[in-house]
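Visitor: Could you take me through the ligand site in close-up? I'd like the contacts, what surrounds them, and then a few loop residues worth a look.

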Amino acid sequence: MEIIKTIEQLQEIRKTISSSVGFVPTMGALHNGHISLIKKAREENDIVIVSIFVNPTQFLPGEDLDAYPRKDEADKKICQMCKVDYLFMPDVTTMYTKEEILIKAPNKSYILEGKARPGHFDGVLQVVLKLFNLTQPTNAYFGKKDAQQLSLIQQMVKNLFLPINIVPCDIVRESDGLALSSRNVYLSETQRKDALLISKSLYLATSLIAKKEYSVEAVKKRILDTMSNLDVEYIAIVDREFNELEIVEPKNTIILVVVRFGNTRLLDNIWI
Ligand code: AMP
């Protein structure tokens with residue numbers, strides 16, 4: 001595996017690759033969720049490029065940019081073990097100049113995650129577009145865990161005519177159901193236990209829907225009842241395009257929840 005730090009190096013290498021490239025963008029502190037994306041990329045492409053970059057433009061003032069877990073050495077080992085060909089780890093000054101061309105995410109970026117974090121998705125799309133331009137992937141791998149991000153990236157690829165296949169990847173969970181996240185390290189022991197109610201509530205909602213209860217109100221109530229002791233920021237039931245639903249549409253529905261534990265926001269969702 002080769003570690004790349006500069007744009008010039010990456011561009012030189014990219015020129016020499018004529019076979020398929022699988023790309024996995026991450027912010028590091030790699031866990032089994034990231035690893036599942038990398039493994040899929042490894043299976044489906046000749047060359048695999050992973051990036052690790054904690055992108056400042058997607059953090060709002062006061063968010064955890066400085067505290068965001070950084071585990072460069074462990075991450076390098078994981079990428080090596082997963083047989084990554086190139087690991088791109090740029091500095092902030094490598095990725096950004098003082099004044100930048102900006103990307104404006106569409107209106108649906110200002111609901112749900114974008115309501116809590118206005119402007120967040122502008123930063124996400126900006127960095128992902130830069131990384132796409134550098135790596136020119138055949139396939140790029142994104143987790144369903146960040147469902148709204150995935151949907152906006154799919155829209156960017158479509159709107160900007162980028163010749164890239166976006167591959168959505170299933171959520172990887174701990175054996176007890178908690179969705180893996182780099183931010184789980186912020187949880188205390190009690191919070192970690194309480195957090196189990198998040199996936200539990202989603203599973204209960206799914207079994208309710210399996211019994212043909214399609215009323216969004218009823219499904220939301222079941223989720224809220226299960227998480228009644230938690231600080232629930234939102235529960236949303238949307239179609240795959242992120243339009244709010246009143247009636248659950250099997251095979252076209254995503255149920256999303258966000259729960260706060262102090263300053264930590266945990267996201268989870270389930271695709272129906
Ligand atoms: P991040 O490092 O948080 O920016 O995540 C990098 C990629 O890994 C994104 O596409 C995420 O959606 C994906 N990801 C994060 N956690 C999980 C998980 N538990 N299961 C599957 N994919 C995940």
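**A close look at the ligand site**

Guide: Let's begin with Asp-146: an N or O atom in its side chain is 2.6 Å from an oxygen atom of the ligand. Keep in mind that this is a predicted model. His-34 also offers a polar side-chain atom, which lies 2.9 Å from an oxygen atom of the ligand. With Gly-143, the backbone comes into play: an N or O atom there lies 2.9 Å from an oxygen atom of the ligand. On its own, the ligand has 490 Å² of accessible area, and the protein covers 92% of it. As for where the ligand sits, the answer is the largest cavity.

Now zoom out to the shell. The ligand is surrounded by 16 residues, and the closest are Met-27, His-34, Asp-146, Val-172 and Leu-180. So two of the polar partners turn up again here: His-34 and Asp-146 are both in that closest group, with His-34 placing its polar side-chain atom 2.9 Å from a ligand oxygen and Asp-146 coming to 2.6 Å. By residue type, the shell splits into eight nonpolar, five polar and three charged.

Which elements give two or more residues to the shell? They are strand S2 (21–26), helix H2 (32–44) and strand S5 (139–143). H2 provides the largest share, with three residues. If you colour by element, H2 spans 32–44, the stretch that takes in His-34, while S5 runs over 139–143, with Gly-143 at its end.

On to the loops. Ser-182 belongs to the loop between strand S6 (165–169) and helix H8 (189–194). Is Ser-182 buried or exposed? It counts as buried because its relative accessible area is 8%, and the cut-off for buried is under 20%. The Ser-182 side chain reaches the backbone oxygen of Ala-29 at 3.4 Å.

Gln-58 is another loop residue, placed between strand S3 (47–52) and helix H3 (72–81). Its relative accessibility is 9%, so Gln-58 is buried as well. Its side chain has a partner: a polar contact of 3.0 Å links Gln-58 to the side chain of Asn-55.

Next come two residues to check on your Ramachandran plot. Most residues other than glycine have a negative phi. Leu-112 has a positive one, near 50 degrees, and isn't a glycine. You'll find Leu-112 in the loop between helix H4 (92–95) and helix H5 (113–116), where it is buried, with 10% relative accessible area. Gln-136 has a positive phi too, near 40 degrees, and again the residue is not glycine. Gln-136 sits in the loop that runs between helix H6 (120–135) and S5, and S5 is one of the elements that give residues to the ligand shell. At 48% relative accessibility, Gln-136 is classed as partly exposed, because the exposed class begins over 50%.

Last stop, Lys-212, in the loop between helix H9 (196–210) and helix H10 (216–226). Here the relative accessible area is 61%, so Lys-212 is exposed. Lys-212 can be paired with Val-248: the two are 36 residues apart in sequence, and their C-alpha atoms are 9.4 Å apart in space.

Methods: Residues numbered from 1 in each chain as written. Predicted model: local features only at pLDDT ≥ 70, side-chain atom pairs only at ≥ 80, totals over all residues. Heavy atoms only, no water. Near = heavy atom within 4 Å. Polar contact = N/O pair within 3.5 Å; in protein donor to acceptor, adjacent residues only side chain to side chain. Areas by Shrake-Rupley, 256 points an atom, 1.4 Å probe, with all protein chains shown as cover. 1 Å grid on protein atoms, 1.4 Å probe; cavity = no way out; pocket = protein on both sides within 12 Å on 5 of 7 lines; lining within 4 Å. Sits in = over half its atoms within 2 Å of the grid points. Helix = DSSP H or I, 4+ residues; strand = E, 2+ residues; numbered from the N terminus. Nonpolar A, V, L, I, M, F, W, Y, C, P; charged D, E, K, R; others polar. Buried < 20%, exposed > 50% of the residue type's maximum accessible area, 1.4 Å probe, protein only.
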